[in-house]
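Got the viewer open and a hand free for the selection tool? Let's walk through this model together, one stop at a time.

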Amino acid sequence: MTQATLLDHHVWTHPDTWNTALENTAARRTSGRRGTGFWGFLAVCCIGIVVLVLGIVYLMSRRKNR
């Protein structure tokens, strides 16, 4: 009986059902983009840290050669 509304054609033809489904789909798509932005930001930070460490190592090795 809990699945009876899934079979009722009146539920599926009601505009509110479709509006809610479209809003949920749009919300899922925007939250996915936010996740991508976070991982992109994290990747840039990691690359920056690696470049910083390599730069420090390079400067220290130049200083020892003098």
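**Starting on helix α3**

Begin by selecting L42, which lies in helix α3, the element spanning residues 15-65. Keep in mind as you look that this is a predicted model. With a relative accessible area of 34%, L42 is partly exposed.

**The nonpolar patch**

Now add F38 and W39 to the selection. Together with L42, these residues form a nonpolar patch on the surface, and the accessible area of the three comes to about 340 Å². Show the side chains and check each one: is F38 buried or partly exposed? F38 is partly exposed, at 47% relative accessible area. W39, at 57% relative accessibility, counts as exposed.

**A ring pair**

Stay with the aromatic side chains for a moment. How many aromatic pairs does the count come to? The count is one aromatic pair. It is made by F38 and W39, whose ring centres are 5.3 Å apart; their planes meet at 70°, so the pair is edge-to-face. If you turn the view until one ring is seen along its plane, the arrangement of F38 and W39 should be easy to follow.

**Two cysteines**

Next, select C45 and C46. How many disulfides does the structure hold? The answer is zero. The closest cysteine sulfur to that of C45 belongs to C46, and at 7.0 Å it is too far for a bond, because a disulfide needs the sulfur atoms within 2.5 Å. Seen from the other side, C46 is in no disulfide either, with the sulfur of C45 as its nearest cysteine sulfur. Both side chains can be viewed from outside: C45 is partly exposed, with a relative accessible area of 30%, and C46 is partly exposed too, at 44%.

**Zooming out**

Clear the selection and colour by secondary structure. The protein chain has three helices and zero strands, in the order α-α-α from the N terminus. Switch on the surface next: the accessible surface of the protein chain is about 6400 Å², and carbon and sulfur atoms account for 69% of that. What share of the 66 residues counts as buried? The share is 0%.

**Colouring by confidence**

For the last stop, colour by pLDDT. The average over the protein chain is 78, and 70% of the residues score at least 70. Which element has the lowest mean pLDDT? Select residues 4-7: this is helix α1, with a mean of 59, whereas α3 has the highest mean, 82. Where pLDDT is low, the predicted coordinates should not be read in detail.

How values were computed. Residues numbered from 1 in each chain as written. Predicted model: local features only at pLDDT ≥ 70, side-chain atom pairs only at ≥ 80, totals over all residues. Heavy atoms only, no water. Helix = DSSP H or I, 4+ residues; strand = E, 2+ residues; numbered from the N terminus. Buried < 20%, exposed > 50% of the residue type's maximum accessible area, 1.4 Å probe, protein only. Areas by Shrake-Rupley, 256 points an atom, 1.4 Å probe, with all protein chains shown as cover. Phe/Tyr/Trp six-rings, centres within 6.5 Å; stacked < 30°, edge-to-face > 60°. Patch = residues over 30% accessible without salt bridge, like charges linked within 9 Å, V, L, I, M, F, W, Y side chains within 5 Å. Salt bridge = Lys/Arg side-chain N within 4 Å of Asp/Glu carboxyl O. pLDDT = per-residue confidence, 0-100.
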